[in-house]
Amino acid sequence: MSTGDTFKVVICGDFAVGKTTFVRSFLDEDQVLLEGYKPTMGVDIGRKKFKLDEKVLTFQIWDLSGQQSFKSIRPQFYSRTDGVILVFDITRQQSFSNLSLWLEEIFNKTNRIPIVLVGNKLDLISTTDDIVSFQDAEEYANHISSLTGIDTPYIQVSAITRQNNMDPFISLGKLLIEK
Ligand code: GDP
């Protein structure tokens, strides 16, 4: 449920894929109205207003801890979620394989909501051969779309260099406005 143009967005993905770095890079962008970013038990909550197609959206961003120790308390954080950004590390295949576990958790706790798939650490793409290919990830995004009935974009980013780092939020914002 959303109040006006305020949306609750949950960031999911394995430990160390770069979720916190990614969210902070979004919250720290210029012209941001940053209203607070407070660490709590297993979740960080940030808030940001931004303009999209002449509309002002407020994202309340919940950055879930991917640590196993928080798994049991995590499900309660999905309540009233409007959209999900699902993050994996393109240099760590395991974080890609584990997406199915995240989807299971998300589908258990939410209704049909937009999901954006993000492959992080794009800056490391040339440092290893063992990367998750764009094609494989895009196919997985299509698989998610077929499950939700809503388009799931796949976007590669670097939270460190900030390459494409705004795009997932913009894509999700568009999906949420359209919904
Ligand atoms: P989280 O557990 O998913 O929140 O991951 P963190 O944001 O804590 O990041 C885990 C590690 O990956 C940290 O050492 C980050 O500096 C690093 N990291 C995060 N994003 C990137 C990225 O885009 N590129 C590179 N090279 N390192 C990153």
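## Exercises on a predicted model

The protein chain folds into five helices and seven strands. The model is predicted. Along the sequence, the pattern reads β-α-β-β-β-β-α-α-β-α-β-α.

**Exercise 1.** Work out whether the end-to-end distance of helix α5 agrees with its number of residues.

*Solution.* Start with the count: α5 covers residues 167-178, which is 12 residues. The expected span is 1.5 Å times one less than the number of residues. That gives 16 Å. Now compare: the end C-alpha atoms lie 17 Å apart, which agrees.

**Exercise 2.** Find buried residues in α5.

*Solution.* Use the cut-off: a buried residue has 20 or more other C-beta atoms within 10 Å of its own. In α5, Pro168, Phe169, Ser171, Leu172 and Gly173 are buried. For the chain as a whole, 41% of the 179 residues count as buried.

**Exercise 3.** Place Arg80 and Arg162, then classify each as buried, partly exposed or exposed.

*Solution.* Take Arg80 first. Arg80 sits in the loop between β4 (55-64) and β5 (83-89). Its phi is near 60 degrees, a positive value. Arg80 has 11 other C-beta atoms within 10 Å, so it is exposed. Next, Arg162 sits in the loop between β7 (154-156) and α5. Its phi is near 70 degrees, also positive. With 16 other C-beta atoms within 10 Å, Arg162 is partly exposed. Most residues other than glycine have a negative phi.

**Exercise 4.** Describe the shell around the ligand.

*Solution.* Count: 15 residues surround the ligand. The closest are Gly18, Lys19, Thr20, Thr21 and Ala159. Sort by class: six are nonpolar, six polar and three charged. Helix α1 (residues 19-27) gives the most, with three residues.

Conventions
Residues numbered from 1 in each chain as written. Predicted model: local features only at pLDDT ≥ 70, side-chain atom pairs only at ≥ 80, totals over all residues. Near = placed C-beta within 6 Å. Helix = DSSP H or I, 4+ residues; strand = E, 2+ residues; numbered from the N terminus. Nonpolar A, V, L, I, M, F, W, Y, C, P; charged D, E, K, R; others polar. Buried ≥ 20, exposed ≤ 12 C-beta atoms within 10 Å, placed from the backbone.
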